[in-house]
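Me: Hey, can you walk me through this one? I'd like to begin with the ligand.

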Amino acid sequence: MAFENLTSRIQTAMKTMSGKGKVSEADLDETLREIRLALLEADVNLKTARNFIKQLREKALGAKVLEGLNPSEQVIKIVNDQLTEMMGEKAVPLNKSTKIPTVIMMAGLQGAGKTTTVAKLANKLKSESNARPLLIAADVYRPAAIEQLKVLGQQLSIPVFDEGTDNDPRKIVQDGLAQADENKNDYVFIDTAGRLQIDEVLMQELKDIEKIAHPDEILLTVDAMTGQNATETAQGFNDALGITGVVLTKLDGDTRGGAALSIREVTGKPIKFVGEGEKVTDLDVFYPDRMASRILG
Ligand code: GDP
């Protein structure tokens with residue numbers, strides 16, 4: 001899908017105005033409508049887009065952009081600042097426990113990139129801070145998921161705890177945590193089951209695992225390519241489970257990434273990392289200002 005870039009949209013709308021001489025409040029509203037449309041096309045949800053525009057209007061009037069020499073540049077700057085601010089300004093690191101191990105529970109719908117992200121994050125910790133993570137394979141519903149995690153673990157020389165697909169995931173998590181204690185692993189990643197959509201059985205299982213594992217971090221993996229659904233998914237998991245952070249995957253695809261803005265606004269939880277490809281090194285910290293530039297285009 002081709003996007004008309006938000007920056008040029010603002011410029012075009014404001015150029016038409018300056019041709020008329022004085023820029024009026026009605027002209028500003030015309031520009032705000034353009035921005036709202038562009039945000040929706042970039043996968044920002046309706047409620048977030050409305051909220052964004054409301055705040056933007058107040059800021060633009062407060063900054064007296066209509067009286068300035070270069071109103072479009074000013075509006076672009078205010079949009080950029082507000083995007084960054086609403087996405088949290090700064091990168092937020094992983095939570096860390098005061099005593100080992102730090103337990104990170106991964107959740108997400110099937111195909112979102114959860115298993116891949118476990119490997120990416122564990123590898124990042126291992127290579128950047130010599131961490132000794134253990135990966136627990138608790139997705140017993142998709143036999144290939146356990147195999148996939150084991151293959152990734154082998155490639156990265158990171159141990160994977162599994163008990164096949166016959167055991168209850170709650171028991172697997174218990175046993176895996178005992179193993180981590182024994183081996184003095186400093187990080188434990190729990191790869192939980194996904195589903196095609198949120199359902200109660202899955203949520204109950206995740207809640208049970210949470211009670212057993214007391215995770216320091218519940219990271220939700222969300223596929224940025226699912227557009228508006230990405231926000232609904234994040235809201236669903238956050239309401240049922242109470243997530244602590246989000247990894248937004250598949251940003252190497254042709255999405256503007258507006259889901260990042262909506263997810264942050266709707267859940268109030270930070271996006272901590274972004275997935276930018278299938279390779280194990282294709283993971284980056286989430287920087288709100290970079291994402292703002294991407295949404296602006
Ligand atoms: P899970 O079902 O949530 O565990 O998902 P997987 O980890 O198995 O990933 C599903 C598919 O998405 C696989 O083909 C991954 O290689 C792919 N994938 C995961 N993260 C990314 C990403 O950031 N970019 C791209 N292009 N593909 C990804």
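Me: How far is a polar side-chain atom of Arg-142 from an oxygen atom of the ligand?
Reply: In this predicted model, the distance is 3.3 Å. That fits the rule for a polar contact, a pair of N or O atoms within 3.5 Å (within protein, one must be able to donate a hydrogen and the other to accept it, and residues adjacent in sequence count only if both atoms are side-chain atoms).

Me: And how much of the ligand does the protein bury?
Reply: The protein buries 82% of the 580 Å² that the ligand exposes when taken alone. Accessible areas here come from the Shrake-Rupley method with a 1.4 Å probe, and for residues only the protein chains shown count as cover.

Me: Which other residues have polar atoms by a ligand oxygen?
Reply: Thr-116 is one of them, with an N or O atom of its side chain 2.5 Å from an oxygen atom of the ligand. Ala-112 uses a polar backbone atom instead, 3.3 Å from a ligand oxygen.

Me: How many residues surround the ligand?
Reply: There are 18, and the closest are Gly-111, Lys-114, Thr-116, Asp-252 and Glu-278. A residue counts as near when one of its heavy atoms lies within 4 Å. The shell divides into two nonpolar, nine polar and seven charged residues. For that split, Ala, Val, Leu, Ile, Met, Phe, Trp, Tyr, Cys and Pro are nonpolar, Asp, Glu, Lys and Arg are charged, and the others, Gly among them, are polar.

Me: Which element gives the largest share of that shell?
Reply: Helix α5, residues 114–129, with four residues. Helices are DSSP runs of H or I with at least four residues, strands are runs of E with at least two, and both are numbered from the N terminus.

Me: OK, salt bridges next. What's the rule, and how many are there?
Reply: A salt bridge is a side-chain nitrogen of Lys or Arg within 4 Å of a carboxyl oxygen of Asp or Glu. By that rule the count is 18. Side chains of opposite charge can pair when their charged atoms come close.

Me: Which side chain pairs with Lys-124?
Reply: Glu-128, with 3.1 Å from N to O. Both residues sit in helix α5, four residues apart, which is about one turn of the helix.

Me: Is Glu-128 buried or exposed?
Reply: Glu-128 counts as exposed because its relative accessibility is 60%. The cut-offs are under 20% relative accessible area for buried, over 50% for exposed, and partly exposed in between (1.4 Å probe, protein chains only).

Me: What about Arg-195 and Asp-199, how far apart are N and O there?
Reply: They meet in a salt bridge at 3.0 Å. Arg-195 is buried because its relative accessibility is 16%, and Asp-199 is partly exposed at 27%.

Me: Which residue does Lys-279 bridge to?
Reply: Asp-282, where the closest N and O atoms are 3.9 Å apart. Lys-279 is exposed, with a relative accessible area of 54%, whereas Asp-282 is buried at 17%.

Me: Which residues do shared salt-bridge partners join into one network?
Reply: Arg-9, Glu-34 and Glu-41.

Me: Changing topic: which peptide bond is cis?
Reply: The one from Ile-100 to Pro-101 is cis, with omega near -5 degrees. Pro-101 is in the loop between α4 (71–86) and β1 (102–108).

Me: What else is in that loop?
Reply: Glu-89 is there too, and its phi is near 65 degrees, a positive value in a residue other than glycine. Glu-89 is partly exposed at 47% relative accessibility. Met-87 is also in the loop between α4 and β1, and Met-87 is buried, with a relative accessible area of 2%.

Me: What does UniProt say about residues 270–283?
Reply: An unreviewed UniProt entry annotates them as "domain: SRP54-type proteins GTP-binding". Positions are given in the numbering used here, feature names are shortened, and annotations may be inferred rather than shown by experiment. In the model, the end C-alpha atoms of that span lie 16 Å apart, and the span is 0% helix and 43% strand.

Me: And the whole chain, how many helices and strands?
Reply: Eleven helices and eight strands. Of the 297 residues, 51% count as buried.

Me: Any small print?
Reply: Residues are numbered from 1 along each chain as its sequence is written, and side-chain values use heavy atoms, with hydrogens and water left out. As this is a predicted model, local features need pLDDT of at least 70 and side-chain atom pairs count only at pLDDT 80 or more, while totals for chains, interfaces and linings use all residues.
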